[in-house]
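I opened my notebook today to look at how two chains sit together. Here is what I looked up, one entry at a time.

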2 protein chains.
Amino acid sequence: MRYEIRLSGAGGQGMILAGVILAEAAAIYDDKNATQSQSYGPEARGGASKSEVIISDEDIYYPKATNIDLLLALTQEACDKYIHDLKPDGILVVDTDLVQKLPDGKFKTYTVPILNIAQDKIGKMIVANIVALGVIVALSEVVSESAIENAVLARVPRGTEELNRKALKAGIEAVKKLKKD
Amino acid sequence: MRYEIRLSGAGGQGMILAGVILAEAAAIYDDKNATQSQSYGPEARGGASKSEVIISDEDIYYPKATNIDLLLALTQEACDKYIHDLKPDGILVVDTDLVQKLPDGKFKTYTVPILNIAQDKIGKMIVANIVALGVIVALSEVVSESAIENAVLARVPRGTEELNRKALKAGIEAVKKLKKD
């Protein structure tokens, strides 16, 4: 098992922190191996930002994502820029409001109102990255729900635990609702 | 030019954030390429934590650090655990108080009271990672002082900019003092 995830959005949307939390969920709480990385080339000066996580049952010798299982794109720019390397049958998760033009391909695409859930349901746009983690974990089942919850609670600022727990649950619920519809 | 840096310490000492800031200094403010990564194996459940940064003028095809130019170790456990792969003539930076037993080898070793500077001079232990960045940049000159300052200020919580700027300067000054002695 080797599972590659790329998280992308605008700078300031917390994609690096989301990647760190996901890797820690896998490695510290679920007893798997994980790597988390950012690479910055000339595109680092643009508006889109990405972070990558690889999770495996075995040692990870090659820590670069090249055959992506799941891409999260919170903005159109991020979607256009980082769709490359998503597997033909990979999972594409995009924000309903900010990604209107879907890329060509036969990806399993899920549109989820991630930013809207963060803003209207939780009341804080800043937790959109944690809502996104709930969505990703519910769709991929790459880490357990208890592992992601523990990892979120260990990383978020003290005093914001309840808010972030709600954000995570709201992301998970959004997927369960999608699957029922 | 390819420069590999490994930042290590105890969990909670902010090594990942320090790595992200250093990579952003190089890529966003100094126009170089950079990667920043963590890999977690079975050792992720221990007390020591590391983060790696590679900075290059060219594309970085292999993002794993294997021939390290500079190792920072803020604790003895981190020093013992992460000294492997430091180049024979590489730079080793350790905390004066927490690393008492230096590893065998002919590294260029610098002992700097990083935690003490953070606690006593700046008044907040939590900025030890930013003091460490000042030390690293002053020793390696791998990014410019203005780039690291901009990158620190862009990443730290609003309202803590002045504190963090002081912490960075204190790290830089500590090296200048060492070099004069």
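**How the two copies meet**

I began with the shared surface: 100% of the interface residues of chain B are also interface residues in chain A, so the copies meet through the same surface.

**Confidence**

I reminded myself that this is a predicted model. For chain A, I noted an average pLDDT of 95, with 100% of the residues scoring at least 70. For the complex, the predictor gives an ipTM of 0.91 and a pTM of 0.94.

**Symmetry**

I then asked what turn lays chain B on chain A. I found a turn of 180° with a shift of 0.0 Å along the axis, and the RMSD is 0.0 Å. The two copies are thus related as by a two-fold rotation axis. I also looked up which C-alpha of chain B is nearest the axis, and it belongs to B:S37, 2.0 Å away.

**The contact side of chain B**

I counted up the contacts next: 20 residues of chain B touch 20 residues of chain A. On chain B's side, α1 (15-29) and β2 (33-40) each supply at least two residues. The most comes from β2(B), which gives eight residues. Sorting the residues of this side by kind, I wrote down ten nonpolar, seven polar and three charged.

**Strand to strand**

My last stop was β2 in both chains. In which sense do strand β2 of chain A and β2(B) pair, parallel or antiparallel? They pair in the antiparallel sense, over seven bridges. I picked out one position to find on screen: A:Y40 stands opposite B:A34 in β2(B).

Technical notes: Residues are numbered from 1 along each chain as its sequence is written. Chains are lettered from A and ligands numbered from 1 in the order in which they are written. This is a predicted model: local features need pLDDT of at least 70, side-chain atom pairs count only at pLDDT 80 or more; totals for chains, interfaces and linings use all residues. Copies are superposed by least squares on the C-alpha atoms of residues with pLDDT of at least 70 in both. Two residues are in contact if their C-beta atoms, placed from the backbone, lie within 7 Å. pLDDT is the predictor's confidence in each residue, from 0 to 100. Helices (H or I, at least four residues) and strands (E, at least two) are DSSP runs, numbered from the N terminus. Ala, Val, Leu, Ile, Met, Phe, Trp, Tyr, Cys and Pro count as nonpolar, Asp, Glu, Lys and Arg as charged, and the others, Gly among them, as polar. Two strands pair if DSSP finds at least two bridges between them.
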